[in-house]
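Hi everyone, thanks for making time for this. I'd like to walk you through one structure, strand by strand and then space by space.

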Amino acid sequence: MKHLPNCKLNIGLRVVRKREDGYHDIDTVFYPVYGLYDELEVEQAESLSFEQEGIAVDCKAEDNLILRCYRLMASRYPQIGNVRIRFKKNIPFGAGLGGGSSDAAHMAIALNELFDLGLSKEQLAAEVRELGADCPFFIYNTPCHAQGIGEILTPIDFSLAGYRLVMLKPDVSVSTREAYSGLVPSGVCLPAIGEWKHYVNDFETTVFARHPQLGIIKQRLLDLGAVYASMSGSGSTIFGLFENNAESRTLADLGTLEKEFAPMILFNDTLRER
């Protein structure tokens with residue numbers, strides 16, 4: 001059984017307030033990107049095994065969200081037996097793209113199918129919520145307005161299909177703790193979705209101050225003709241959206257940008273709906 005855990009973008013992100021429990025309420029739009037994905041294969045086996053290739057992840061194998069999801073689900077559903085897991089990491093980690101959360105959500109979906117658990121999407125979302133605030137989004141995998149700490153999801157009628165997406169992930173890592181350090185909640189929510197081209201990401205204030213190259217990359221994308229450019233989540237991926245009829249010469253300039261800020265992971269594709 002093969003699954004392709006895809007990544008997401010944040011279209012705008014306001015940090016509204018700090019809560020009494022120490023977390024922050026946010027207001028953002030999660031948008032699925034199906035063209036960039038990890039690869040996950042799960043099958044029943046006599047013993048539990050986990051094989052990984054692709055981009056190296058900065059944690060021990062047993063701490064990988066895929067195995068954490070397996071242990072969580074197996075502790076609650078005795079019909080879940082041993083599995084062989086083969087995993088290829090393509091989505092950069094620590095990039096604001098939700099790759100690890102997507103892996104966990106798709107692992108839950110795979111187990112639900114493989115062992116005939118009969119869980120609804122709502123039940124699966126509840127199971128994976130404790131693994132990460134944005135894990136439930138990848139159960140639904142459709143554009144959503146996200147509030148609370150990211151777990152309160154409202155599906156929205158919003159499509160970026162036809163736009164050319166350029167994502168640039170330089171060799172910069174930004175932890176969530178670092179992104180929040182020094183950030184003053186704005187107390188402001190996003191305007192209506194029709195105003196998305198004017199959305200801002202509050203994390204850019206603190207992250208760009210520490211990593212100026214990220215701000216430079218964003219401005220270069222705007223200079224190249226992006227109708228919208230932003231950092232995704234708490235970083236460090238910077239993305240731009242271009243009209244799909246953008247001149248090929250303009251998009252070819254991305255090669256120069258990639259060399260200037262090398263090493264860098266570049267993703268360039270036309271967005272589509274599933």
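So, to get us started: which residue in β7 is the bridge partner of Thr 28? In this predicted model, the partner of Thr 28 is Ala 146. That pair belongs to a set of three bridges that join β3 to strand β7, residues 144–147, and the two strands run antiparallel.

Let's stay with β3 for a moment, as we'll come back to this strand later. β3 covers residues 24–37, and 12 of its 14 residues are buried. Besides β7, strand β3 also pairs with β2, residues 6–18, through 11 bridges, again in the antiparallel sense. If you want a place to look in that pairing, find Arg 17, which stands opposite Asp 25 in β3. β2 and β3 make a hairpin, with five residues between the two strands. Have a look at Gly 22 in the turn, where phi is positive, at about 95°.

Now let's turn to another sheet. Here we have an open sheet of four strands in the order β1-β4-β6-β5, and the pairing is mixed. Why is one side of β1 and of β5 left without a neighbour in the sheet? These two, β1 at 2–3 and β5 at 49–54, stand at the edges with a single partner strand each, so there is no neighbouring strand on the other side. For β1, two antiparallel bridges connect it with strand β4, residues 39–44. Within that pair, His 3 sits opposite Leu 40 in β4. Helix α1, residues 65–76, packs on this sheet and touches β4, β5 and β6. The direction of α1 makes about 155° with that of β6, which spans 83–89.

On to the spaces, beginning with the pocket. The largest pocket has a volume of about 1400 Å³. It is lined by 44 residues, and the closest to its centre are Gly 98, Ser 101, Asp 134, Thr 176 and Ser 234. Several elements give two or more residues to this lining: β2, β3, α1, β6, α2 at 99–114 and α5 at 176–180. Which element gives the most? That would be α2, with four residues. As for chemistry, the pocket lining divides into 18 nonpolar, 18 polar and eight charged residues.

There are also two cavities of 30 Å³ or more. The largest cavity holds about 60 Å³ of space. Here β3 comes back into the story: together with β12, residues 264–270, it is one of the elements that give two or more residues to the lining. β3 has the largest share, four residues. The full lining of the largest cavity is Pro 32, Val 33, Tyr 34, Gly 35, Phe 267, Asp 269, Thr 270, Leu 271 and Arg 272. By type, that comes to five nonpolar, two polar and two charged.

The second largest cavity holds about 50 Å³. Its lining consists of Leu 36, Pro 92, Leu 97, Met 167, Lys 169, Thr 237, Ile 265 and Phe 267. At least two of those residues come from β9, residues 164–170, and at least two from β12. Six of the lining residues are nonpolar, one is polar and one is charged. If you look for Phe 267, you'll find it in the lining of the largest cavity and also in that of the second largest.

That's my tour, and thanks for listening!

Notes: Residues are numbered from 1 along each chain as its sequence is written. This is a predicted model: local features need pLDDT of at least 70, side-chain atom pairs count only at pLDDT 80 or more; totals for chains, interfaces and linings use all residues. Side-chain values use heavy atoms; hydrogens and water are left out. Buried means under 20% relative accessible area, exposed over 50%, partly exposed in between (1.4 Å probe, protein chains only). Two strands pair if DSSP finds at least two bridges between them. Contact means heavy atoms within 4.5 Å. Axes are lines fitted to C-alpha atoms, for helices over the stretch in contact, and angles run from 0 to 180 degrees between N-to-C directions. On a 1 Å grid over the protein atoms alone, a cavity is a set of points where a 1.4 Å probe fits but cannot get out, and a pocket is an open set with protein on both sides within 12 Å along at least five of seven lines; lining residues have an atom within 4 Å of a point. Grid points are joined across faces, edges and corners, and a volume is the space filled by probe spheres set on the points. Ala, Val, Leu, Ile, Met, Phe, Trp, Tyr, Cys and Pro count as nonpolar, Asp, Glu, Lys and Arg as charged, and the others, Gly among them, as polar.
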